[in-house]
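Thanks for asking me to look this one over. My comments follow as numbered points, best read with the model open beside you.

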Amino acid sequence: MKKIVIALLVVICILSVFVSYKIYATSGEDVLNSETASKLIEIKEKSAKELEDFVAEYGDETYGFAAYILDKVRFFSIPLCFLGISVGAIYQYVIGIRKLDTRYKGFFAIIAFVTILIICQVLPFVFVVVVKFGRS
């Protein structure tokens, strides 16, 4: 009985994927032709201009690209690390009240995310110092 139910669920999932694909494929053309396409082009041009600015600032395409990537990592690491710190705090202070091993897991998660946050914030600065002042 379990095998029959699982087989039916798999068939239903596969059919729903095909049906939803057809629905989104036909309605997606209208969406892309409207304001979404212009916003995507605007985002692409903005990121290309930022990359060109970094290349012009560093004088080399490789250094400019590395600085651009480090800047993006620096920017996006803040919310992700704060989310990880908050999950670790929940493990340590809420769930860890009853389970000691979970408390340690939360503590180590907090330490790990704080370390990652510090590294992601300091690494672009170190890169600038090494490239600007270390290169002659």
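1. A word on terms before anything else: a residue is called buried when its relative accessible area is under 20%, exposed when that value is over 50%, and partly exposed in between. By that rule Tyr 68 is buried, because its relative accessible area is 13%. Please also keep in mind that this is a predicted model.

2. Now the overall picture. The protein chain has three helices and zero strands, and its elements follow one another as α-α-α from the N terminus. Of its 136 residues, 15% count as buried. The accessible surface amounts to about 11,000 Å², and carbon and sulfur atoms account for 72% of that. Among contacts between residues at least 6 apart in sequence, 52% link residues at least 24 apart.

3. Back to Tyr 68, which sits in helix α2. Leaving aside neighbours within four places in sequence, Tyr 68 is in contact with Ser 47, Glu 50, Leu 51 and Phe 54. Its C-alpha atom is 9.3 Å from that of Glu 52, although the two residues are 16 apart along the chain.

4. Which residues make up the largest nonpolar core? There are seven of them: Phe 54, Tyr 58, Ala 67, Tyr 68, Leu 70, Phe 127 and Val 131. Helices α1 (2–58), α2 and α3 (100–134) each provide at least two of these residues, with α2 giving the most, at three. Ala 67 is a good place to see the core at work on screen: not counting residues up to four places away in sequence, Ala 67 touches Phe 54, Tyr 58 and Phe 127. As background, nonpolar side chains in soluble globular proteins tend to be buried together.

5. The aromatic residues deserve a look of their own. The structure holds five aromatic pairs. In one of them, the ring centres of Phe 75 and Phe 76 are 5.1 Å apart with planes at 75°, so this pair is edge-to-face. Phe 75 is exposed, since its relative accessible area is 52%, while Phe 76 counts as partly exposed because its value is 48%. Elsewhere, Tyr 58, Tyr 63 and Phe 127 form one aromatic cluster. Tyr 58 has a charged companion too: Lys 132 lies over the face of its ring, at 5.1 Å from the ring centre.

6. Why is there no bond between the sulfurs of Cys 81 and Cys 120? The closest cysteine sulfur to that of Cys 81 belongs to Cys 120 and is 5.7 Å away, which is too far for a bond; a disulfide would need the two sulfur atoms within 2.5 Å. Cys 120 is likewise in no disulfide, its nearest cysteine sulfur being that of Cys 81. A search of the whole structure agrees, finding zero disulfides. Both cysteines fall in the buried class: Cys 81 because its relative accessible area is 4%, and Cys 120 because its value is 16%.

7. Next, Gln 92 and Thr 102. Gln 92 is found in helix α2 (residues 61–94) and is buried, because its relative accessible area is 10%. Leaving aside neighbours within four places in sequence, Gln 92 is in contact with Ile 97, Arg 103, Gly 106, Phe 107 and Ile 110. Thr 102 has its place in helix α3 and is buried as well, with a relative accessibility of 9%. Setting aside residues up to four places away in sequence, Thr 102 touches Tyr 91, Ile 95 and Gly 96.

8. Last, is Glu 61 buried or exposed? Glu 61 counts as exposed, because its relative accessibility is 61%. This residue lies in helix α2. Its C-alpha atom is separated by 9.1 Å from that of Leu 51, which is 10 residues away along the chain.

Key
Residues numbered from 1 in each chain as written. Predicted model: local features only at pLDDT ≥ 70, side-chain atom pairs only at ≥ 80, totals over all residues. Heavy atoms only, no water. Helix = DSSP H or I, 4+ residues; strand = E, 2+ residues; numbered from the N terminus. Buried < 20%, exposed > 50% of the residue type's maximum accessible area, 1.4 Å probe, protein only. Contact = heavy atoms within 4.5 Å. Phe/Tyr/Trp six-rings, centres within 6.5 Å; stacked < 30°, edge-to-face > 60°. Lys NZ or Arg CZ within 6 Å of the ring centre and 35° of its normal. Areas by Shrake-Rupley, 256 points an atom, 1.4 Å probe, with all protein chains shown as cover. Core = buried A, V, L, I, M, F, W, Y, C linked by side-chain atoms within 4.5 Å.
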